[in-house]
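This text explains how one protein chain is put together. Please look at the sequence and the model first, and then read on.

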Amino acid sequence: WGGTPWVSVGNIECTREMRGNLSDLVQKGLIRMGEDEYSYGRMSTFIEFTAEGEELAKSMDIEW
């Protein structure tokens with residue numbers, strides 16, 4: 001996934017709770033959200049970790 005996991009593509013659907021959690025991470029400056037067209041004009045959403053998000057993950061021994 002190249003360090004930018006998909007949030008919505010194909011059959012993946014974000015629940016209201018998931019959107020709230022992602023919004024919280026954006027507000028805290030840990031991730032950015034991006035969009036890309038993937039087929040037939042449909043948009044997909046992905047996450048990009050900020051430097052702060054990467055540092056937090058490393059401090060928790062999370063590898064990707």
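Contact here means that heavy atoms lie within 4.5 Å. With that in hand, take Ile31: apart from neighbours within four places in sequence, Ile31 is in contact with Leu22, Leu25, Val26, Ile47, Glu48, Phe49 and Thr50. The model is a predicted one, and the values below are computed from it.

The overall layout comes next. The protein chain has two helices and three strands, and along the sequence they come in the order β-α-β-β-α. The chain is 64 residues long, and 20% of them count as buried. Its accessible surface amounts to about 5000 Å², with 50% of that belonging to carbon and sulfur atoms. If one takes the contacts between residues at least 6 apart in sequence, 38% of them join residues at least 24 apart.

Which residues make up the largest nonpolar core? There are five in all: Val7, Cys14, Leu22, Ile31 and Ile47. Two of these core residues, Leu22 and Ile47, also appear among the contacts of Ile31 listed above. In soluble globular proteins, nonpolar side chains tend to be buried together.

Helix α1 covers residues 16-27. Its 12 residues should span 16 Å at 1.5 Å a residue, because the expected span is 1.5 Å times one less than the number of residues. The end C-alpha atoms are 16 Å apart, so the expected span and the model agree. Just after α1 comes Gly29, which has a positive phi of about 75 degrees.

The strands can be followed through a few residue pairs. Strand β2 takes in residues 31-39 and strand β3 takes in residues 42-49. Gly34 is placed in strand β2. Is Gly34 buried or exposed? Its relative accessible area is 15%, and the limit for buried is under 20%, so Gly34 counts as buried. Leaving out residues up to four places away in sequence, Gly34 touches Ser44, Thr45 and Phe46. Gly34 and Phe46 are 12 residues apart in sequence, while their C-alpha atoms are 5.3 Å apart in space.

A second pair of this kind involves Glu48, which lies in strand β3. Glu48 and Ile31 are 17 residues apart in sequence and 5.5 Å apart in space, C-alpha to C-alpha. Not counting residues up to four places away, Glu48 touches Thr4, Ile31 and Arg32.

How many salt bridges does the count come to? The count is two. In one of them, Arg32 pairs with Glu48, and the closest N and O atoms are 3.4 Å apart. This pair links distant parts of the chain, since Arg32 is in strand β2 and Glu48 is in strand β3, 16 residues apart. Arg32 is partly exposed at 43% relative accessibility, and Glu48 is also partly exposed, at 34%. In the other salt bridge, Lys28 pairs with Asp24, with 3.0 Å between the closest N and O atoms. Lys28 has a relative accessible area of 55% and is exposed, whereas Asp24, at 33%, is partly exposed.

After strand β3 the chain enters the loop between β3 and α2, where Thr50 lies. Thr50 is buried, with a relative accessible area of 7%. Leaving aside neighbours within four places in sequence, Thr50 is in contact with Gly29, Leu30, Ile31 and Arg32. Gly29 is the residue just after α1 with the positive phi, and Arg32 is the partner of Glu48 in a salt bridge.

Helix α2 covers residues 51-59, and Leu56 lies in it. With a relative accessible area of 38%, Leu56 is partly exposed. Leu56 belongs to a nonpolar patch on the surface together with Met60 and Ile62, and the accessible area of the three comes to about 280 Å².

The segment after α2 contains Asp61. Most residues other than glycine have a negative phi. Asp61 is not a glycine, yet its phi is positive, at about 60 degrees. Asp61 is also exposed, with a relative accessible area of 67%.

How values were computed
Residues numbered from 1 in each chain as written. Predicted model: local features only at pLDDT ≥ 70, side-chain atom pairs only at ≥ 80, totals over all residues. Heavy atoms only, no water. Helix = DSSP H or I, 4+ residues; strand = E, 2+ residues; numbered from the N terminus. Buried < 20%, exposed > 50% of the residue type's maximum accessible area, 1.4 Å probe, protein only. Areas by Shrake-Rupley, 256 points an atom, 1.4 Å probe, with all protein chains shown as cover. Patch = residues over 30% accessible without salt bridge, like charges linked within 9 Å, V, L, I, M, F, W, Y side chains within 5 Å. Salt bridge = Lys/Arg side-chain N within 4 Å of Asp/Glu carboxyl O. Core = buried A, V, L, I, M, F, W, Y, C linked by side-chain atoms within 4.5 Å.
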